[in-house]
There are 2 protein chains.
Amino acid sequence: MTMSSDRAFEALRADILRGRHRPGLRLGEVGLARELGMSRTPVREALRRLAAAGLVELNANRGARVVEPAADDLNTVFVLRAPAEGLAARAAALSATDEDGEELQRLALAVAAAARPAGGGPPDLDAVYLHNREFHDLMLSLARSASLAQVIAGLVHSTVLMRTYRAFDEDAMHRSVAHHLELVAAVRAHDPDWAESVMRSHLFSARAALLGGRGDAPHAITHTGPPAPAEDLTEGETA
Amino acid sequence: MTMSSDRAFEALRADILRGRHRPGLRLGEVGLARELGMSRTPVREALRRLAAAGLVELNANRGARVVEPAADDLNTVFVLRAPAEGLAARAAALSATDEDGEELQRLALAVAAAARPAGGGPPDLDAVYLHNREFHDLMLSLARSASLAQVIAGLVHSTVLMRTYRAFDEDAMHRSVAHHLELVAAVRAHDPDWAESVMRSHLFSARAALLGGRGDAPHAITHTGPPAPAEDLTEGETA
DNA sequence: CTGGTAAGAAGTGCATGCACTTCGTGCGGA
DNA sequence: TCCGCACGAAGTGCATGCACTTCTTACCAG
């Protein structure tokens, strides 16, 4: 049913975003084809698409490498994400149905539950990232704008590529959860100004946590290790 | 020297952006391959890249069509371009050398000359668009940011795709020329705040001219016809 | 021992062939 | 006359083969 080319694209994208394929790694067509159980042709097409998406770098006759994102700084990405996702939130508030609002709330509550488990243990960071991404994806799809989706997808790629997911201290985490819930309220109230404003706060808060965040601060919630990226961060492209 | 795949990509992109391939048009691999004098393989790869760039739409077993951009509104694009290109201007002001400044000025003067020819005749709109694009491309390349380039490229695509280049009245045209010259001054002064501010004004002015512009206003400078898009608008991708 | 070079290996770029899906067309039945 | 269906054409998806480029390595000159 699904095409080999799409399978290759998804698999490679997931591996790159998860960090299994580190920046600078050489991606040979023959090896990938053998690994994925298909011929070189669909692998080639997937690599071209990844190159257009900015995830790999292509040199003629010299193959593909995972892109080295160090040149870009996180601040740039967040400066661009604020108006983009703010606009998405605005559009979502205007177009969301009641069912959409309920679905959004479900995802926001899932993030909250993962951030503060019932047992009182440590947050399940993988679940937080997963549901956070689902939340933002739904928000974006509610905006129903192709160029908005295109732009935001690229920016999120960048955010994930330079995996600065070192630390999200408790305060930032709870602010994030509160923002999600407030966004749901704004969308359900069909208030675009409110929604946009909260979304911008949400992103600036995240930027502060990631940029200013001294990862070794007390109470810092860190990943198991620096090279361990967020799991399951690759679902729902909402193309 | 140049690869067939790249030639196909460039040719198709140019044809789409120029409007030779109108939205909704079916792009068959065999026809394009014959037309371009190559086999289907590089054409297929070019189509995948165009799909990733958001210029064509791909359906499994059903071929490629030029994307229908009507869903997105121009306002969205400009709201996103303002911070993005503003940031690019800011970075350019910080990193530009004296030679860069001179090159920028050369392009700005070229736009000015095309907008107000020496003989006093009507503006050479094709030259205006070409040099305008060169100016913005150079600005972007001076910012040296991959994600910035990625985002702006997508937004410019959208702007051109929905070809609202109907009218740019005299006032707007001269404002645009003045903005370019002021941008050069800001960059040469290495003043990021100034550069960003002027760039934002530049874009908002353009938005007003395009959105609010009643194309049938007196003194309006229109293209020869509605389906005639800007020529030579496709150079210098600054990938 | 070091630097340059040429032959081989490895890998990419493109063309071509085949299987399968989709669409158009004509036929038969109600 | 109109609807359903099957058959054929056209086109896409993928595999494979060949030419050419790039990288590696072993060899020889100095």
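1. In which helix of chain B does B:Arg48 lie? The residue belongs to helix H3 of that chain, and it makes a useful starting point for reading this structure, which is a predicted model.

2. B:Arg48 has a relative accessibility of 8%, and because buried means under 20% relative accessible area, the residue counts as buried. When its neighbours within four places in sequence are left aside, B:Arg48 is in contact with A:Met3, A:Ser5, A:Glu45 and A:Arg49 of chain A, and with B:Leu58 of its own chain. As for its backbone position, the C-alpha atom of B:Arg48 is separated by 9.1 Å from that of B:Ala64, a residue 16 places away along the chain.

3. Turning to chain A as a whole, a student tracing the fold will find nine helices and three strands, and, beginning at the N terminus, these elements follow the order α-β-α-α-β-β-α-α-α-α-α-α. Of the contacts in chain A that link residues at least 6 apart in sequence, 78% are between residues at least 24 apart.

4. Chain A has 239 residues, and 51% of them are buried. The accessible surface of this chain amounts to about 11,000 Å², with carbon and sulfur atoms contributing 52% of that area.

5. The surface near DNA strand C draws on both protein chains: strand E1 (26-27), helix H2 (29-36) and helix H3 (40-52) of chain A each supply at least two residues, as do helix H1 (4-18) and helix H3 (40-52) of chain B. There are 21 residues around this DNA strand, and those that come nearest are A:Arg44, A:Arg48, B:Ser4, B:Ser39 and B:Thr41.

6. Which parts of DNA strand C supply its atoms within 4 Å of the protein? Sugar or phosphate accounts for 70% of these atoms, and the bases provide the rest. Individual atom pairs illustrate both kinds of approach: a backbone N or O atom of A:Glu29 lies 3.2 Å from a phosphate oxygen, and a polar side-chain atom of B:Arg62 lies 3.3 Å from a phosphate oxygen, whereas a polar side-chain atom of B:Thr41 is placed 3.0 Å from a base nitrogen.

7. A last point concerns the aromatic rings, for which the structure holds zero aromatic pairs over all chains. Rings do take part in another arrangement, however, since the charged end of A:Arg49 sits over the ring of A:Phe9 at 4.2 Å from its centre, and in chain B the charged end of B:Arg49 sits over the ring of B:Phe9, also 4.2 Å from the ring centre.

Notes. Residues are numbered from 1 along each chain as its sequence is written. Chains are lettered from A and ligands numbered from 1 in the order in which they are written. This is a predicted model: local features need pLDDT of at least 70, side-chain atom pairs count only at pLDDT 80 or more; totals for chains, interfaces and linings use all residues. Side-chain values use heavy atoms; hydrogens and water are left out. Rings of Phe, Tyr and Trp (its six-membered ring) pair if their centres lie within 6.5 Å; planes under 30 degrees apart count as stacked, over 60 as edge-to-face and the rest as tilted. A charge sits over a ring if NZ of Lys or CZ of Arg is within 6 Å of the ring centre and within 35 degrees of the ring normal. Helices (H or I, at least four residues) and strands (E, at least two) are DSSP runs, numbered from the N terminus. Buried means under 20% relative accessible area, exposed over 50%, partly exposed in between (1.4 Å probe, protein chains only). Contact means heavy atoms within 4.5 Å. Accessible areas come from the Shrake-Rupley method with a 1.4 Å probe; for residues, only the protein chains shown count as cover. A residue is near a molecule or strand if one of its heavy atoms lies within 4 Å of it. A polar contact is a pair of N or O atoms within 3.5 Å; within protein, one must be able to donate a hydrogen and the other to accept it, and residues adjacent in sequence count only if both atoms are side-chain atoms.
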